[in-house]
Amino acid sequence: MAPGKDVEDFCQKNLDLYAHKKSVKDDIIGIRKNFTDLRHGKGRFYEPSGTCRELVKVTGTIPVIYKGVLYNIPVCLWLDHQHPYRAPTCLVEPTTNMQVKPGKHVDANCRIYLPYLDKWRHPGSNMLSLIQVMQIDFSEECPVFSRPRPLTPPKKSSAQLSLTPPEKSSAQRPLTGPEQFSEEGECAGAAHTPGKVVTVMDVEDFCRKNLSLYAHKESVKGDIVAILKNFTDLNHGKGKFYEPSGTCRELVKVTGTIPVIYKGASYNIPVCLWLDHQHPYRAPTCLVEPTTNMQVKPGKHVDANGRIYLPYLHEWRHP
């Protein structure tokens, strides 16, 4: 079946929740015509909170020339219901014999970070240009490498790239979260409420019971103690953190409000910071967590789903 007819049939059945159906269809057709190893489909995209959305996705491999050799890099591009007015969520999707190599453009959870995505604006931004930007950036710093093979001497060292095409799994990493900020141009902070008094003993007790999966327990405990001493409206806890694929992990989190001065007034901004099992060697996943009378205002540091983006997080290195 020709890509055009295939896409037409797919779009007729699967775009009920999409506001701009023709744009979605045209982008999929353009991708299929120009990148023959990419395929369209639909899947369940999970927010860290566990909220699930049915989204259109484009998965497969894109050709990248790295150090003079052609490689096929597995990716998954999730299209938001407001596509093309919101940037897609992009991930590398390593196969079982690959491992991700965190760097300038990809984090340890496989999330792709590009200035092109940060500055996404329709109609100037589009999917074909995005994929071409990925090819250029990945040619400078490749995001996946072969896993070393145990016991038997590997034919390729772990410094070599894998040529294996991706599996058709949808195993992604944490991506998006709730929504924040209010009316256009205004900051909607939560009303101030005195923070709960938490002692070091409280944290000690919490950590003894809840850090069994954490590799660096003392660092986690130390960071929680420091946070609670300096930000009295933040508190620690544990919760279920959902990957986009639906995989759930029990993670420690810090939630509450942080004081922010905006246009001369003080506001309390609600946030949630999820600590990875490898903390402090992996950056936390940070979100704004609006109350029911707030909504997100996407901008330079926060996306439409409440995910916080900061150079400090992207360049996170311990110590």
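**Exercise 1.** Which residues of strand E4 (residues 89-92) lie on one side and which on the other, and are they buried or exposed?

*Solution.* The model examined here is predicted. Step 1: one side of strand E4 carries Thr89 and Leu91, and the other carries Cys90 and Val92. Step 2: these residues are all buried, and both faces of E4 are therefore covered, since buried means under 20% relative accessible area. Step 3: for the pairing of this strand, E3 (residues 69-79) runs antiparallel to E4, and four bridges join them. Step 4: within E4, threonine 89 stands opposite tryptophan 78.

**Exercise 2.** Determine how helix H2 (residues 21-34) is placed relative to helix H4 (residues 127-140).

*Solution.* Step 1: two packed helices are described by the angle between their axes and by the distance between the axes. Step 2: the axes of H2 and H4 come within 9 Å and cross at roughly 40 degrees. Step 3: H2 is therefore oblique to H4. Step 4: on the H2 side, Asp27, Gly30, Ile31 and Asn34 take part in the contact, and they meet Met127, Leu128 and Ile131 of H4. Step 5: sorted by class, this contact has four nonpolar residues, two polar residues and one charged residue.

**Exercise 3.** Locate the cis peptide bonds that precede proline 123 and proline 280.

*Solution.* Step 1: histidine 122 and proline 123 are joined by a cis peptide bond with omega of about 10 degrees. Proline 123 lies in the loop between helix H3 (115-118) and H4. Step 2: the bond from histidine 279 to proline 280 is also cis, with omega near 10 degrees. Proline 280 belongs to the loop between strand E9 (265-275) and E10.

**Exercise 4.** Classify cysteine 110 and proline 290 as buried, partly exposed or exposed, and describe the setting of each.

*Solution.* Step 1: cysteine 110 has a relative accessible area of 1%, so this residue is buried. Cysteine 110 sits in the loop between strand E5 (98-100) and H3. Its phi is near 80 degrees, a positive value in a residue other than glycine. Step 2: proline 290 has a relative accessible area of 21%, so this residue is partly exposed. Proline 290 occurs in the loop between strand E10 (285-288) and helix H7 (311-314). Its C-alpha atom is 9.9 Å from that of cysteine 272, 18 residues away along the chain.

**Exercise 5.** Summarise the protein as a whole: how many helices and strands does it have, and what share of its residues is buried?

*Solution.* Step 1: the protein has seven helices and 10 strands. Step 2: of its 319 residues, 45% count as buried. Step 3: the accessible surface comes to about 16700 Å², and carbon and sulfur atoms account for 53% of that surface.

Conventions. Residues are numbered from 1 along each chain as its sequence is written. This is a predicted model: local features need pLDDT of at least 70, side-chain atom pairs count only at pLDDT 80 or more; totals for chains, interfaces and linings use all residues. Side-chain values use heavy atoms; hydrogens and water are left out. Helices (H or I, at least four residues) and strands (E, at least two) are DSSP runs, numbered from the N terminus. Buried means under 20% relative accessible area, exposed over 50%, partly exposed in between (1.4 Å probe, protein chains only). Axes are lines fitted to C-alpha atoms, for helices over the stretch in contact, and angles run from 0 to 180 degrees between N-to-C directions. Angles under 35 degrees count as roughly parallel, over 145 as roughly antiparallel, 65 to 115 as roughly perpendicular and the rest as oblique. Contact means heavy atoms within 4.5 Å. Ala, Val, Leu, Ile, Met, Phe, Trp, Tyr, Cys and Pro count as nonpolar, Asp, Glu, Lys and Arg as charged, and the others, Gly among them, as polar. Accessible areas come from the Shrake-Rupley method with a 1.4 Å probe; for residues, only the protein chains shown count as cover. Two strands pair if DSSP finds at least two bridges between them.
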